[in-house]
Amino acid sequence: MRKWVLKAIVQKTISYLPLSHKINYIFQKYVTKGVYLSDEYFYDRLGHAKVHIKSYQKYSGKSTPGSCLEIGTGWYPVVPIGLFLAGADRIYSVDITLLTSKERLQTTLQKFVACRQSGRLTDYIDFLPGRFEAVLEILRDYEKLSLDEVLSKLNMSYLIEDARKLSLSDNSIDLINSNNTFEHIYTDVLIPILKEFKRVLKKQGGVMSHFIDMSDHFAHFDKSITIYNFLKFTDKQWKWIDNTVQPQSRSRIYDYKQIYAGLGIPISEESFRKGNLDELKSIPLAKKFTDKPLEEVAKSHCHFVSHWDA
Ligand SMILES: C[S@@+](CC[C@H](N)C(=O)[O-])C[C@H]1O[C@@H](n2cnc3c(N)ncnc32)[C@H](O)[C@@H]1O
């Protein structure tokens with residue numbers, strides 16, 4: 001049996017169990033080895049943090065976002081810590097489950113220290129020296145501090161709630177970001193989330209910056225399939241294969257653009273990876289993916305920046 005099929009079956013089974021996210025973490029840690037904070041992951045997300053901050057600076061004309069909101073931070077809060085180092089005063093991370101822990105937060109902070117020692121941090125973040133000192137101080141006292149105390153020293157708050165109904169005021173956030181999260185949220189949920197983002201973002205100077213990875217995530221784990229493998233299934237078949245611990249909506253770049261347009265959210269800047277047409281052509285596509293130009297279907301990653309002109 002193919003590796004990805006085995007993983008799909010295990011995740012599907014886990015998704016029916018209580019505490020499915022915790023069990024998935026253990027499965028990923030000991031079986032697929034997918035939860036280790038690798039340099040590849042760390043620097044990829046640090047690169048996202050750099051782009052979020054640069055996008056904010058470009059469209060707001062200010063150097064640092066005061067208040068930030070990230071959806072779906074995941075196990076290691078690389079981007080929120082990057083925003084703290086850059087000078088953000090309040091950093092919210094919203095998710096329906098708490099995926100980080102005191103231990104994983106410490107691992108992330110230690111990775112920042114190693115990055116600084118290697119001389120690479122300034123390639124990504126224009127950090128405030130006082131903020132870096134604060135990180136060192138947190139690590140020195142780590143055993144004595146609770147998770148809440150560490151988060152508070154990092155100006156971070158985890159909002160464990162559904163992003164369709166945020167406990168944040170209208171017009172209160174300078175920068176809203178996400179990193180490889182939208183592809184895990186189906187359109188019927190993403191639309192109300194984006195409406196909430198529109199509500200809480202400051203209309204004057206506020207910026208949204210979202211990275212979306214539209215590749216078949218099973219291909220990250222099983223190199224025998226391409227990043228387009230999941231496009232061969234009909235929606236009905238995909239419903240059987242997909243799971244709730246790591247769902248994949250299979251939306252393509254044109255679907256996201258349609259959602260944004262429908263909500264009146266401007267795309268002020270867009271970038272994408274064009275993918276691999278030959279690989280896409282090797283897949284017998286399900287009908288729903290055949291009515292758009294192949295070049296559009298093939299786009300594998302995208303980044304959208306939104307900003308309302310004052
Ligand atoms: C796979 S993770 C994102 C990965 C992460 N950003 C990274 O960089 O590795 C997607 C997250 O979105 C969260 N999510 C999905 N729907 C949500 C909702 N309605 N409100 C808040 N969070 C949601 C999920 O719980 C999940 O933790």
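This passage describes the overall fold, the helix α5, the residue P80 and the surroundings of the ligand in a predicted model.

The overall picture comes first. The chain holds 14 helices and seven strands. Its radius of gyration is 20 Å, close to the 19 Å that the globule rule gives for 310 residues, so the chain is as compact as a globular protein of that length. Taken along the principal axes, the box filled by the C-alpha atoms is roughly 55 × 50 × 35 Å. Buried residues make up 35% of the 310 in the chain. As for how the fold is connected, 77% of the contacts with a separation of 6 or more join residues that lie 24 or more positions apart.

Helix α5 offers a convenient case to look at in detail. This helix runs over residues 102–117, and at 1.5 Å a residue its 16 residues should span 22 Å; the end C-alpha atoms are 23 Å apart, which agrees. Its buried residues are L105, T108, L109, K111, F112 and C115. These cover an arc of only 150° around the axis, which puts them on the same side of α5. A little helical geometry helps in reading such a list: an α-helix has 3.6 residues a turn, so residues three or four places apart point the same way. The buried residues of α5 pack against several other helices, namely α3 (39–60), α4 (78–86), α6 (121–124), α7 (129–140) and α8 (147–153). On the face turned away from this buried side, α5 carries the exposed residues E103 and Q117. Just after the helix, G119 adopts a positive phi of about 85°.

Among the helices packed against the buried residues of α5 is α4, and α4 is where P80 is found. With 28 other C-beta atoms within 10 Å, P80 is well past the 20 required of a buried residue. Once neighbours within four places in sequence are left aside, the contacts of P80 are E70, T73, I91, S93 and M156. By contrast, L19, 61 residues from P80 along the chain, has its C-alpha atom 25 Å from that of P80.

The last stop is the ligand. The shell around the ligand comprises 21 residues, of which G72, G74, A163, N179 and T181 come nearest. Sorted by class, the shell has eight nonpolar, nine polar and four charged residues. Two elements, strand β2 (90–95) and helix α9 (187–200), each supply at least two residues of this shell.

How values were computed: Residues numbered from 1 in each chain as written. Predicted model: local features only at pLDDT ≥ 70, side-chain atom pairs only at ≥ 80, totals over all residues. Near = placed C-beta within 6 Å. Helix = DSSP H or I, 4+ residues; strand = E, 2+ residues; numbered from the N terminus. Nonpolar A, V, L, I, M, F, W, Y, C, P; charged D, E, K, R; others polar. Expected span 1.5 Å × (residues − 1). Buried ≥ 20, exposed ≤ 12 C-beta atoms within 10 Å, placed from the backbone. Arc of directions from axis to C-beta. Contact = placed C-beta atoms within 7 Å. Rg over C-alpha atoms; globule rule 2.2 N^0.38 Å.
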